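Here is a friendly tour of one protein model, from a loop to the cores and on to the surface. Have a look at the sequence and the structure first.

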Amino acid sequence: MSAATTRSRTPDRLCAEAVDLARAAAEEAAAPGVVGEHSGLVSEGDRVVTHFFECKELGYRGWRWAVTVARASRAKIVTLDEVVLLPGPDALLAPEWVPWSERLRPGDMGPGDLLPTDAEDLRLEPGYSGEDEPPPASPVSEEMAELVEAEDAEVTGGTPANLPVVPTRGTIASVAEELGMRRARVLSRYGLHIAADRWEEAYGAKTPMAQAAPASCVSCGFLQPIGGSLGQAFGVCANEFSPADGRVVSLAYGCGGHSEAAVMPKPPVPPPPVIDETRVDPFPLRPSADSGSVSLLPDEDTAELGHS
């Protein structure tokens with residue numbers, strides 16, 4: 001170990017004794033009454049010492065005022081270098097700053113909010129721009145590309161969606177617009193994978209609802225299929241009583257609202273009335289003479305009493 005290193009670790013005597021100078025500088029920089037007791041010092045180098053004072057400011061628990069003093073070579077006067085408020089070993093600190101793009105969570109956007117996307121967003125890839133050759137599976141055939149080249153078609157700068165006016169007929173941008181390819185960027189394979197992982201985590205086979213379901217969505221009548229490659233593993237729930245109504249669900253997901261889980265039986269149909277066609281019940285059109293309450297024949301007993 002060299003002599004210079006030994007001297008730098010040993011605090012200079014005059015600088016170490018300049019506690020009053022350091023306290024006065026700290027009280028001048030801070031508010032009155034917030035500078036506490038002297039809590040130590042540290043050597044910063046040859047004839048350079050930093051004094052620490054406790055901070056009594058509300059909300060700054062564990063912080064301390066750091067006052068650095070120094071002395072010139074062969075000089076006996078200690079001068080002030082700087083005063084700053086620094087966090088101590090057990091200081092209360094704010095959380096580490098995180099960029100807004102990493103702080104944003106699903107559901108944070110509200111009406112009128114705009115969410116910009118990075119130009120190099122890995123979830124997106126350039127759509128059809130006309131600058132590159134059409135891929136083999138592109139709707140634009142090789143014959144059409146050769147025809148455009150033969151006719152000296154103009155390549156319009158920018159994507160069709162960003163053009164201020166309708167593209168001139170015959171340009172590649174016009175062809176892309178006729179084919180419905182106005183999107184400047186489309187989902188990349190990485191974007192599809194992270195979307196599938198997110199949907200699988202929210203409405204997948206490992207969720208508690210799916211574990212307790214009587215059957216999976218692949219056999220449910222309320223599942224609305226979707227197109228594209230994601231349609232092989234996902235669909236849209238159309239059951240208004242399901243917790244996943246209107247959401248993209250995995251085909252392995254399930255809930256108690258499955259269309260075939262508990263089919264209600266039809267109400268019983270009463271049997272038709274039984275008609276006995278082998279028996280005939282007589283029904284007279286005119287009542288008999290003795291069917292009434294009063295007899296039509298004369299009664300000798302009643303005649304004596306004066307009854308008619």
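## A glycine in a loop

Leaving aside neighbours within four places in sequence, which residues is G257 in contact with? They are F222 and N239. Please keep in mind that this is a predicted model.

G257 itself sits in the loop that runs between strand 9 (248–250) and helix 9 (300–304). With a relative accessibility of 25%, G257 counts as partly exposed, because that class covers values between 20% and 50%. F241 is 16 residues away from G257 in sequence, and their C-alpha atoms are 6.8 Å apart in space.

## The nonpolar cores

Now to the interior. The largest nonpolar core has 17 residues, and those touching the most other members are V35, F53, W65, V67 and V69. Helix 3 (19–29), strand 2 (48–55) and strand 3 (63–71) are the elements that each give two or more residues to this core. Strand 3 contributes the most, with four residues. Another core, of eight residues, lies apart from it; C217, C237, A244 and V249 are among its members.

V69 is worth a visit of its own. Beyond its neighbours within four places in sequence, V69 is in contact with C15, L21, R47, V48, V49, H51, V78, T79, L80 and D81.

## A patch on the surface

Finally, the outside. W100, M109 and L115 form a nonpolar surface patch, and together they have about 300 Å² of accessible area. M109 belongs to the loop between helix 4 (100–103) and strand 5 (124–126). Its relative accessibility is 43%, so M109 counts as partly exposed.

Definitions and conventions. Residues numbered from 1 in each chain as written. Predicted model: local features only at pLDDT ≥ 70, side-chain atom pairs only at ≥ 80, totals over all residues. Heavy atoms only, no water. Patch = residues over 30% accessible without salt bridge, like charges linked within 9 Å, V, L, I, M, F, W, Y side chains within 5 Å. Areas by Shrake-Rupley, 256 points an atom, 1.4 Å probe, with all protein chains shown as cover. Salt bridge = Lys/Arg side-chain N within 4 Å of Asp/Glu carboxyl O. Buried < 20%, exposed > 50% of the residue type's maximum accessible area, 1.4 Å probe, protein only. Core = buried A, V, L, I, M, F, W, Y, C linked by side-chain atoms within 4.5 Å. Contact = heavy atoms within 4.5 Å.
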